[in-house]
Amino acid sequence: MIEIHEVTKKFQDKKKFVTALKHVTFTVKEGQVVGLLGENGAGKTTLLRTIATLLTPTEGMVTVAGFDTMKNSNEVKKRIGVLFGGETGLYDRLTARENLEYFASLYGLSKHETKVRIDDLSRMFGMRDYLNRRVGGFSKGMRQKVAIARTLIHNPEIILFDEPTTGLDITSSNVFRQLVHQLKREGKTIIFSSHIMEEVSMLCDSVAMMHKGELVYQGNLESLYKTEGSRDLNYIFMSKLVRGNEHYAS
Amino acid sequence: MLLNIFLKEIKDCFRDRRTLLLTVLLPVIMMTGLTFFYENMISDNGDEKYRLAVSESMNQDLKGIFTGFKNIDLVEAADPEAALEDGKAEAALLLGKSFSSQISTGEKAKVTIVGDTSSQKSSVLSSMVQTALSVYEKSIIAQRMQANGSDPSLVEPLEIQQREMADQNENTTLLAMLIPLILSIAIGIGSSPAAADLFAGEKERKTMEALLITPVKRSTLLFSKWLTIATVGTVTGIVTLAVVVVEIQMLTEHLKKALSFGDQTFTIIGLAVLVSVIYAMFNASLLMLASIFGKTVKEAQSYSTPVLMLAMFPAMGLSSKGINELSFQHFAIPIMNLFSLLKELVFGIVDYQHILIALTSNLICMIVLFIIGRMMFLKDKWVMN
Ligand SMILES: Nc1ncnc2c1ncn2[C@@H]1O[C@H](COP(=O)(O)OP(=O)(O)OP(=O)(O)O)[C@@H](O)[C@H]1O
Ligand SMILES: [Mg+2]
């Protein structure tokens with residue numbers, strides 16, 4: 001369960017304030033898969049970073065599994081797995097296994113737990129062949145698998161993905177999509193941001209739409225289709241944005 | 001946890017070819033070059049032979065004038081001036097026809113030194129010959145005065161002796177300047193790829209975010225990274241020193257003498273290692289700040305270069321200071337104290353008070369730098385792009 005309450009985030013950028021999040025409030029229940037939509041600069045990454053304890057909200061608060069992200073950040077960190085960008089966050093000069101072992105140690109996993117977990121994950125992603133090779137020479141898809149495995153190494157209950165499939169080919173994107181299905185079956189709570197509407201409509205139970213730092217819609221995908229009278233998420237998204245802009249003009 | 005992070009960082013660093021190149025190869029090359037340059041310079045000064053053309057007919061007594069000058073070789077020739085022109089000698093000594101008899105009868109005897117002022121070797125030889133002749137002249141005056149019954153010391157009111165300060169010979173002085181200079185450059189250059197990589201590089205590659213969402217304290221991360229930079233610097237420092245010591249011991253003759261510490265050898269080497277470790281730690285703190293400031297590896301390196309250059313600036317003024325002129329501030333100012341301490345050590349001086357001053361001041365500076373680094377590292381602005 002993730003509760004975001006009245007969160008505002010301001011950045012100071014060369015004497016100028018940028019408000020990246022404006023009074024954002026919403027809740028993600030356990031086992032839900034939420035798609036986070038919004039134009040470039042809407043505040044998606046900022047919101048995910050705030051949930052992941054990386055950013056301190058200027059106002060408001062976020063709790064994850066009942067723990068405040070600021071006051072109890074360690075408890076939150078133990079329960080959360082985050083992947084920013086599809087295939088980043090790996091050390092090129094280490095092998096895939098060394099990368100995973102390193103992060104496992106940072107999460108405090110024992111040697112045995114680590115071994116079991118790496119075995120499971122590498123079987124799941126079919127990366128046993130290159131587990132002992134240095135990541136530097138990997139293709140995008142291979143890297144993405146290792147990066148996802150890194151995100152899941154400590155078996156987190158909540159997983160955040162920021163644009164996980166950007167820049168990936170169809171095969172690699174499919175790996176990710178299959179994974180989300182599987183994690184969903186395991187009862188994990190997932191939020192991922194995406195610019196690909198079909199991906200969102202395929203994988204998500206509900207969506208959150210952001211526009212210029214504000215949350216313009218949050219709710220169940222099916223009920224959204226019903227109220228909008230369309231199953232074309234792309235179309236719905238665009239019309240929401242237009243309405244959002246009108247809201248700004250007034 | 002700290003150990004886990006540290007071990008991983010070290011593994012990562014030493015798999016980087018740049019680090020390996022700069023920590024091991026660079027000091028070896030720099031120090032080897034330096035060692036041989038100095039070895040040649042010293043031996044040039046000490047062993048160079050000068051050839052002086054003299055007449056075949058010069059008698060044994062007169063040749064005795066030059067016995068005290070070990071690096072003057074007498075080249076006997078029928079015509080000394082011709083021998084000089086043929087390049088068989090650097091200078092020629094021409095004595096008047098009846099030189100010996102004039103000396104013994106108390107007359108004025110004529111002597112000519114023929115040299116080439118445009119050649120340094122010839123000038124050096126000419127002045128050595130002049131010195132030899134004036135010594136000879138004095139002995140003749142003394143003989144003649146004694147024959148007259150007067151005290152020879154009348155005409156010799158001064159007895160001039162020139163001597164270099166016991167252990168402050170020129171070669172040691174230069175070496176005392178260059179070893180710390182090369183050591184500090186080697187440590188700075190050796191640890192800078194690691195430093196740039198560990199903060200700015202992680203930001204650039206977005207691994208920093210992955211690190212920061214793990215339940216590891218930021219100060220633990222910071223400290224492990226600092227320790228990694230300091231270790232890489234220390235390795236470079238020790239490799240550099242090892243290369244100097246080994247090469248001087250195995251491959252040189254004169255430097256070995258210029259740098260011999262007797263039974264203090266191990267103390268001095270140990271202290272030199274200690275100084276390198278302290279410097280590597282100080283350097284790591286500076287480079288760490290530059291790397292936290294930088295958003296990319298390139299940016300971090302463009303900050304660290306001027307920082308290191310500036311830091312080395314005060315040390316430059318030291319080259320003109322004699323070993324006995326070093327005072328409190330020379331041991332209190334970081335980096336300068338590395339130069340001062342190593343200078344003392346090269347001269348074989350072990351002063352624990354100076355070492356303590358340097359240690360304390362470096363420690364204080366490091367703590368201050370570390371606190372600044374920690375403050376920055378806790379701010380979102382400096383850890384994420
Ligand atoms: N560290 C920062 N310093 C200053 N401004 C920032 C910072 N991070 C984000 N911003 C600003 O906050 C706003 C929201 O950015 P954010 O990265 O959250 O958008 P996004 O929805 O993820 O966009 P994209 O789809 O391009 O990834 C932007 O105007 C951005 O310039
Ligand atoms: Mg983004």
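**Close-up of B:Lys206, a partly exposed residue in a loop of chain B**. In this predicted model, B:Lys206 has a relative accessible area of 33% and therefore counts as partly exposed. The loop that holds B:Lys206 runs between helix α7 (170-204) and helix α8 (207-212) of chain B. Although B:Lys206 is not a glycine, its phi is positive, with a value near 65°.

**Close-up of A:Asn155, a residue with positive phi in chain A**. A:Asn155 is not a glycine, and yet its phi is positive, at about 50°. The residue is found in the loop that lies between α5 and β7 (158-162) of chain A, and, with a relative accessible area of 41%, A:Asn155 is partly exposed.

**Close-up of helix α5 of chain A, which covers residues 140-152**. This helix has 13 residues and reaches 18 Å from its first C-alpha to its last, which is close to the 18 Å expected at 1.5 Å a residue. Because 12 of the 13 residues of α5(A) are buried, the helix is largely enclosed by the rest of the structure. Among the buried residues are A:Met142, A:Val146, A:Ile148 and A:Leu152, and they also include A:Arg143, A:Lys145 and A:Arg150.

**Close-up of a positive surface patch formed by residues of chains A and B**. The patch is made by A:Lys14 together with B:Lys295, B:Lys379 and B:Lys381. Of these residues, B:Lys381 lies in helix α16 (residues 380-383) of chain B, and B:Lys381 counts as exposed because its relative accessibility is 59%, where exposed means over 50%.

Notes
Residues are numbered from 1 along each chain as its sequence is written. Chains are lettered from A and ligands numbered from 1 in the order in which they are written. This is a predicted model: local features need pLDDT of at least 70, side-chain atom pairs count only at pLDDT 80 or more; totals for chains, interfaces and linings use all residues. Side-chain values use heavy atoms; hydrogens and water are left out. Patches are made of residues with over 30% relative accessible area and no salt bridge: like charges are joined within 9 Å, nonpolar side chains (Val, Leu, Ile, Met, Phe, Trp, Tyr) within 5 Å. Accessible areas come from the Shrake-Rupley method with a 1.4 Å probe; for residues, only the protein chains shown count as cover. A salt bridge is a side-chain nitrogen of Lys or Arg within 4 Å of a carboxyl oxygen of Asp or Glu. Lys and Arg count as positive and Asp and Glu as negative; His and the chain ends are not counted. The place of a charge is taken as NZ of Lys, CZ of Arg, CG of Asp or CD of Glu. Helices (H or I, at least four residues) and strands (E, at least two) are DSSP runs, numbered from the N terminus. Buried means under 20% relative accessible area, exposed over 50%, partly exposed in between (1.4 Å probe, protein chains only). The expected span of a helix is 1.5 Å times one less than its number of residues.
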